[in-house]
4 protein chains.
Amino acid sequence: MPKKIRLGILGGGGDSLIGVLHRVASFINDNYTITGAVFNANYEENLAFAREIDVPTDRIYKDFDTLVEEEMKLPEEKRIQVCAVLTPNFLHFPMAKKLLDNGFHVICEKPMTTTYEEAKILRDAHKKAGTVFAVTHTYTGYPMVRQMREMIKAGELGKIHKVDARYYQGWINTIIHDKAKRSTVWRLDPKKAGISSCMGDIGVHAFNMVEYTTGLKVKSLLCDFNYLYADNQMDVDGTALIRMGDHVKGVIRASQVATGEENGLAIRIYGEKFGLLWEQENPNYLYKISDTEPMEVYKPGHTYNSALSLDGTKLPPGHPEGIFDSMANIYLGVARAIRGEKYNDGEFPTMNDGVRGLNFIEATVASHKGGNVWVELD
Amino acid sequence: MPKKIRLGILGGGGDSLIGVLHRVASFINDNYTITGAVFNANYEENLAFAREIDVPTDRIYKDFDTLVEEEMKLPEEKRIQVCAVLTPNFLHFPMAKKLLDNGFHVICEKPMTTTYEEAKILRDAHKKAGTVFAVTHTYTGYPMVRQMREMIKAGELGKIHKVDARYYQGWINTIIHDKAKRSTVWRLDPKKAGISSCMGDIGVHAFNMVEYTTGLKVKSLLCDFNYLYADNQMDVDGTALIRMGDHVKGVIRASQVATGEENGLAIRIYGEKFGLLWEQENPNYLYKISDTEPMEVYKPGHTYNSALSLDGTKLPPGHPEGIFDSMANIYLGVARAIRGEKYNDGEFPTMNDGVRGLNFIEATVASHKGGNVWVELD
Amino acid sequence: MPKKIRLGILGGGGDSLIGVLHRVASFINDNYTITGAVFNANYEENLAFAREIDVPTDRIYKDFDTLVEEEMKLPEEKRIQVCAVLTPNFLHFPMAKKLLDNGFHVICEKPMTTTYEEAKILRDAHKKAGTVFAVTHTYTGYPMVRQMREMIKAGELGKIHKVDARYYQGWINTIIHDKAKRSTVWRLDPKKAGISSCMGDIGVHAFNMVEYTTGLKVKSLLCDFNYLYADNQMDVDGTALIRMGDHVKGVIRASQVATGEENGLAIRIYGEKFGLLWEQENPNYLYKISDTEPMEVYKPGHTYNSALSLDGTKLPPGHPEGIFDSMANIYLGVARAIRGEKYNDGEFPTMNDGVRGLNFIEATVASHKGGNVWVELD
Amino acid sequence: MPKKIRLGILGGGGDSLIGVLHRVASFINDNYTITGAVFNANYEENLAFAREIDVPTDRIYKDFDTLVEEEMKLPEEKRIQVCAVLTPNFLHFPMAKKLLDNGFHVICEKPMTTTYEEAKILRDAHKKAGTVFAVTHTYTGYPMVRQMREMIKAGELGKIHKVDARYYQGWINTIIHDKAKRSTVWRLDPKKAGISSCMGDIGVHAFNMVEYTTGLKVKSLLCDFNYLYADNQMDVDGTALIRMGDHVKGVIRASQVATGEENGLAIRIYGEKFGLLWEQENPNYLYKISDTEPMEVYKPGHTYNSALSLDGTKLPPGHPEGIFDSMANIYLGVARAIRGEKYNDGEFPTMNDGVRGLNFIEATVASHKGGNVWVELD
């Protein structure tokens, strides 16, 4: 009978939304117990938060380095097994690196690092460590996204020849038009937020979805950004033409100024035989379209779904599960991997997804800044 | 800083879906810890399940009576505070009664009891106990259902004059047409499943939704059942005409043989000024319709929503939450009530909802068996 | 090569919406030419309207009797062949009767007559005349309604056991709450509008749809009306429990006070094997649902549709046709019948539909006024 | 009282779908009568078709030149006033040119010509003729497209900063994968079908929609085509990045190999204040989205719509009109223009739309062939 996995959490304290998402996801399948944490940079707030959510405070550390140091002193059977890295983006890399170097498993928020260079270093560290490493591209945990992947893998669509992914949000619209706001928000400050806003934050999810579902790789891209204002230095909108192989083309569209859009991730994949459509805001519907047959609508929990999809549904059809359940599916896969149990390679996004994400982000910036030229991905 | 509430669980072991739903719901807002349980009538399986989900086995009891007996020996600050009753329907009453008589808080699955008589006895016991009692009409925990209630309460629709609720499922269709199956399934055996199948299991949810959202009471009803086969003794489909006051009328439709329907709970409420539409399978959309203005679509998490609705949303708009989150909202309200914190009376369904549910179920049966006559509710 | 059919029009002048609908429907398939008419009771307006729409005025008559008299003087090859009766409801019967008695074909708006008694007299007259008689239950002309009928006829759903039809509108809501308005509007005056408002105007469409698609007959019903105000004498809302045979039950819901609803006709049919759902406001989608297979969505124009359905689509899939096209399909069927060409019995609603409609309307009134008792249909 | 306009038709005989669409559109508002035609290049078939649809054969001409010659002999009050040009694309230019040179009004199918050069010559001819010239971008006739235009014009969205248009079809998918088929179909033969398949046939509609609704002009574009096979010479898929002014960017996506898509034209427009979404396959819904307010759904026929929109709806809300009605709205606008009545400049697409369309098509080809470079539009 498997015991719960000892989970450490870095960041995610207070009102952090990402904190709630990971914590709940870890609980959902009875696999994890929060053993230690640095929820917050401020030690008092850190402790207070632990008390608020009723986590024992004896292994709430004053900072990340202390956590590693102290945990390494514990015998392996008591030690934190896996750490969830939910800190600001620029901390992902040093923390993940040190965790790997000390033999921990890691669940890392995206973007995995702030540069492609860091990502490759981390890949090397991971290779050496041999532990489990997951990047939380949350949306891949949805049962119908998994079903899409399995149907494509099984050849149901025939050869894929066109891909169209969109990730539209509107929230920066409420900031960008005010000069004072746009020049002070950390999100639009390249020194704080990295080289890309829109592509780095959401475009990369769309990119990952394209590769996750099709099993194909983006080989090159040509991208155009929109900054909206001359004094704004960060992309808030962008469109990337992509090539995924011989005569396989597509487009990735991302925006943070698509006024009124909430969290509009959507993907359309077209093969010789069928097309598949899916939208994140209605995640329990997968549309299989044909030139000659009635459209089919797949829903979670039905026995017609693949094993990978069914594994991610807890209740019978018609009981809508959501984004917490999607993230929980990723945590479930990680738990299996940590325990050395059998799992499918689609159960959670890996180091490879993280590396490719950074490759993509830097390529979009290079393409735009180079004058909308084609840029190869590795 | 609030400590986690000590939760006892009765039933819900093994593959029980209702078990997963309650357990996850209790975890989601960091409010509960599972302290003791009788997950299963078989003690070995009970223990095994506790180990599987990593609950300490020292307070896993061999049966319900032992649980009560042993827990009462513990000092109050260690004792289970609230029990979730997830056992077969006929056990709800005796367990809930004994729990109340011993001063426990109770979270009880629906239908609360198997007869209206029992329900009234339980109501008396609850009055005497003065503890918190919730009946898990899960769907009332959805943010947009709460929003519906608050909009109506605020008078946005004007005087309500028509209500239409539907709860259509198809699953008994896979059983009912086979004579051998339909005569052996416990669900269709009145001795085991009580006086009603369709109305007792799902019609009662639709009824509760009608009263929860409108704040009105069903005063009388006229019901017609469909048994599909002469040798079948349980309703698998039924329609109830309802009256909710002077010229306020409506209909409640329920079916377990609506072939292909999954969990089709939907409600339409019409007032003098506006109508409101909501469907459980797409729970994050609330439609406000008008004879003269564009339809408005409300979604969770937006600041235009009521406090009660917003309290039930954890992430920003566009991140779909589902049925686990809905149940978690009910658990959150119960936690507040147990701690004596302030809470809104729409945060969880109460004893009164349970009592009215049984009143409704028996009224539908009386109406049908009486030849489709009008039957008053208390 | 068929020549255009000579069409006479009674009523439908000026701003009449029903006039536009019929006129356009007659043009769409190049089958009719407007040869004569009494568009309006006022002769000057009648002539003016004819000029406005550029119909020659030589056969624009001062009244209906003159039209019949004068046309009968013409040789058969010049005479109006078919008359569309678009006058106020109480005129349908005398006009249709006289037209039949004089050997004309008739396209009659619904309700065919104002009483069941009249309907039966008209049926006799029709039997004697032997001409073509259509009642314009417009919605049966939609390709996906036809497809529904053909799929059921072919046994795809297995034995039908449940039917649910709804026709919700909200427009009387803008009138009914004002005492002065509700007591003066002709629609709510039984002397002018007949015995029923809601059931007579729209409930009868839902009833017809149920019988048209399933091929079954409603055998008995129990109905409850809502008048909303004690001084209002006409039903503005009603729900009818229906029985269509042994263990085949259903419900027909109609309302004119379903605030915010536009023209909400919808039907759900459940058989042992599959369910079918269709909604008038999105008429080009037919949903086939299953307990075990992905939902299928049928759309017009695809070769997978039945011949009857395909016959009603003019353009390739994805080019939405609407209500004018639906009515045009009925006109096309009538044209074929008039010319003695082969046609399918689902191409237009007939005298029998008209008679059954009146039987239904009177039964709902009798049931409600009798205290919500079961009333048999013939 | 206006008399019907004398309409001549070129092409559109036999099973021609475009023929049905134009003919019906001309009938719908009682404005046109078919006076003369060359339905077909074969004179016998031409005559037979006229007889089949019951058009008098005395002005059915053996060819286009004869039509012009003979009609010019007639006195102006008998002469055909306007000709609908429905012939193969390469004939649009010479026919439209000659018609203009002889003083006829013209309704021309799109693409208006096969080259931008021809388009500009035609523009000159039109300037000289001073008659009415319409290009049938059918989709601009939908009431909700008109409403979109009027809302934007009124400033409801604030400054537009992003546009996203899609036109996805799948039908070439059934041809392209078969080498024999793809090398013989005229559609994929540049000698017969012009320089572009996908952009020329449907991309141009999306382009027109963007300019029609926003009132902005596409200033430059960068386009990538997909030919799918090395031996295929015509684009069957393409994506164009567009710039519409200072920091106003967007994307136009078109495909004929988007497997399973039917006629998927859709447009999303984002301004500082609101976004607007519309899809051709559900043309009666216009979605107005906001970052802070509930989404609003506009539907045709409501008084909250603009005059331009309401002018294009014949029946009350909830009675779906479709593509024939949309084209009929264009014909209505043309009729008003021909009669010298007042009309709104959004009632029908003009010569200017035609010229811009060709400018767009050639720019996409130039961009792709030039190695995905930015190309300016005039």
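Which residue of chain B comes closest to the rotation axis? Select chains A and B of this predicted model and centre the view on B:G322: of the residues of chain B, B:G322 comes closest, with its C-alpha at 2.4 Å from the axis.

**Chains A and B**

Keep both chains on screen. Chain B is superposed on chain A by a rotation of 180 degrees, with 0.0 Å of shift along the axis and an RMSD of 0.0 Å. The same surface serves both copies, since 100% of the contact residues of chain B recur in chain A.

**Chains A and D**

Next, hide chain B and show chain D with chain A. Here too a rotation of 180 degrees, with 0.0 Å of shift along its axis, superposes chain D on chain A, at an RMSD of 0.0 Å. The two copies are therefore related as by a two-fold rotation axis. Again the same surface is used by both copies: 100% of the contact residues of chain D recur in chain A.

Colour the residues in contact. You should have 46 residues from chain D and 46 residues from chain A. Together the two chains bury about 3,600 Å², of which 48% is on carbon and sulfur atoms. Now pick D:H247, D:T259 and D:D291; these supply 16% of the area that chain D buries against chain A, more than any other three residues.

**Polar links between A and D**

Show side chains as sticks and select A:E261 and D:R268. This pair forms a salt bridge, with the closest N and O atoms 2.6 Å apart. Across the interface of chain D and chain A there are ten salt bridges by the rule applied. Residue pairs in polar contact between chain D and chain A number 34, counting pairs with both residues at pLDDT 80 or more.

Switch to cartoon for the side of chain D that touches chain A. The elements that each supply at least two residues to this side are β6 (160–168), α7 (173–176), β7 (220–226), β8 (237–243), β9 (249–255), β10 (264–271) and β11 (275–279). Select β6(D) to see the largest share, five residues. Colouring this side of chain D by class gives 17 nonpolar, 16 polar and 13 charged residues.

**A stop in chain C**

Finally, show chain C and go to helix α6, residues 143–153, where C:E150 lies. Is C:E150 buried or exposed? Its relative accessibility is 17%, so C:E150 counts as buried, the cut-off being under 20%. To see what surrounds it, select C:S306, C:L308 and C:N344: C:E150 is in contact with these residues, leaving aside its neighbours within four places in sequence.

Methods. Residues numbered from 1 in each chain as written. Chains lettered and ligands numbered in written order. Predicted model: local features only at pLDDT ≥ 70, side-chain atom pairs only at ≥ 80, totals over all residues. Heavy atoms only, no water. Helix = DSSP H or I, 4+ residues; strand = E, 2+ residues; numbered from the N terminus. Buried < 20%, exposed > 50% of the residue type's maximum accessible area, 1.4 Å probe, protein only. Contact = heavy atoms within 4.5 Å. Least-squares fit on C-alpha atoms with pLDDT ≥ 70 in both. Buried area = accessible area lost by both parts, 1.4 Å probe. Salt bridge = Lys/Arg side-chain N within 4 Å of Asp/Glu carboxyl O. Polar contact = N/O pair within 3.5 Å; in protein donor to acceptor, adjacent residues only side chain to side chain. Nonpolar A, V, L, I, M, F, W, Y, C, P; charged D, E, K, R; others polar.
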